[in-house]
Amino acid sequence: MTAFKKILLPTAFTESCERARSHAVALAALGDAELHVLHVQVMHAEPMAFSGMPGVAAIEDALDKAAHTRADEFVASIERPVVKAIARELTASPAILDYSEEHSCDLIVMGTHARKGFARLFLGSEAVEVVRRATVPVLVVGPEHAEATSYKTIVVPVDFSEASKAALRQAAALAAAHGGRLIVEHVVDTRPLPPYAVETVAEAEREQAQKAVADLLAEENWGVQTELLVSTGAPHAQICETAREMNADLIVMGTQGLGALDRLLIGSVTERVLRSAPCAVLANR
């Protein structure tokens, strides 16, 4: 992995966006990257009702001035050059994705709102939509996640796909830059098994997975301390539990593009981890 050279930080001026700012600034400093801060004025149907009123130009001008003032306040603490941009759209994610493509950004850092309970089953998050559609890695930071200081402990789930191998390389580069370590985890998914077969089958799968992960780690000189871990259960739950137990600073996961129908469903392990991870998650494209 080469260091990120152009980082996009969308902001809605929320607490999670402030936490995301610390991660974006730290990563920009690491690779001396160009940092872009984008605010999207989301114009829902109700606020758009004033569009036919006299003096609408004055209202739009006031909105623009307020957005620029908040953006200036948001970037004031960033001690490096910043490219600041304001856009206006009905939803944020298309504007974020378009800006990323137009300016050839190679990383998007997003704050996201934590959802609890039944709301986790629905895919309304702008961050999730960006993760699904972006052609570059997306770092997702929640309001309960720590601000970035350094990535000393990074959890990397592997399923032996090319996507997870690429994520492992990305994680190794970040760990090396911060003098950190990698927890390389493979989760044996026991959910499809009947209860009477779980113990027997899981043990056999664990032994095979242990060897496969060891072989994977032996393929390259990763340049950092690596720890091998094989666990069983629901993959997303085990990954999050490992991150909690290890007091991880970051989870790095491989992700692949989804088809049109898949985008309507919450089937991906990555998306499930995004909703309940105890730390920031880098979805590595």
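**Group meeting: a walk through the sheet and its helices**

Okay, let's start with helix α5, residues 162-178: α5 lies across β6 (153-157), β7 (181-188), β9 (250-254) and β10, and runs at about 150° to β9. Before I go on, keep in mind that this is a predicted model. The average pLDDT for the protein is 85, and 85% of the residues score at least 70. There are weak stretches, though. Residues 116-124 have pLDDT below 50, and in the model that stretch has 16 contacts beyond near neighbours in sequence. Residues 257-267 are also below 50, with 18 such contacts.

Now the overall picture. We have 8 helices and 10 strands, in a protein of 285 residues, of which 46% count as buried. The accessible surface is about 13,800 Å², and carbon and sulfur atoms hold 54% of that. If you take contacts with a separation of 6 or more, 81% of them join residues 24 or more positions apart.

So how are the strands ordered in the sheet? Reading across, you go β3-β2-β1-β4-β5-β10-β9-β6-β7-β8, in an open sheet of 10 strands with mixed pairing. At the edges stand β3 (82-89) and β8 (225-232); each has a single partner strand, so one side of each has no neighbour in the sheet. From one strand to the next, the twist averages 20°.

Let me zoom in on one pairing. Strand β1, residues 6-10, and strand β4, residues 107-111, pair in the parallel sense over 2 bridges. If you want to find that spot on screen, go to L8: its bridge partner in β4 is I108.

Helix α1 packs on this sheet too, touching β1, β2, β4, β5 (138-141) and β10 (280-284), and the direction of α1 makes about 155° with that of β4. What does the length of α1 tell us? The helix has 17 residues, 15-31, and at 1.5 Å a residue they should span 24 Å; the end C-alpha atoms are 25 Å apart, so the two agree. The buried residues of α1 are S16, C17, A20, R21, S22, H23, A24, L27, A28 and G31. While you look at that list, remember that an α-helix has 3.6 residues a turn, so residues three or four places apart point the same way. Right after α1 comes D32, with a positive phi near 50°.

Next, two individual residues. H39 sits in strand β2, residues 34-42. Is H39 buried or exposed? Its relative accessible area is 11%, and the cut-off for buried is under 20%, so H39 counts as buried. Leaving out residues up to four places away in sequence, H39 touches T11, A12, F13, A67, A85, I86 and A87.

The other one is L182, in strand β7. L182 is buried as well, with a relative accessible area of 0%. Which residues does L182 contact, neighbours within four places aside? There are I154 and V156, then L168, A171, A172 and A175, and finally V224, Q225, T226 and E227. You can place some of these from what I said earlier: β6 covers 153-157 and α5 covers 162-178. One last distance for L182: I251 is 69 residues away in sequence, and 9.7 Å away in space, C-alpha to C-alpha.

That's my tour; happy to put any of it back on the screen.

Definitions and conventions:
Residues are numbered from 1 along each chain as its sequence is written. This is a predicted model: local features need pLDDT of at least 70, side-chain atom pairs count only at pLDDT 80 or more; totals for chains, interfaces and linings use all residues. Side-chain values use heavy atoms; hydrogens and water are left out. Helices (H or I, at least four residues) and strands (E, at least two) are DSSP runs, numbered from the N terminus. Buried means under 20% relative accessible area, exposed over 50%, partly exposed in between (1.4 Å probe, protein chains only). Contact means heavy atoms within 4.5 Å. The expected span of a helix is 1.5 Å times one less than its number of residues. pLDDT is the predictor's confidence in each residue, from 0 to 100. Two strands pair if DSSP finds at least two bridges between them. Axes are lines fitted to C-alpha atoms, for helices over the stretch in contact, and angles run from 0 to 180 degrees between N-to-C directions. Accessible areas come from the Shrake-Rupley method with a 1.4 Å probe; for residues, only the protein chains shown count as cover.
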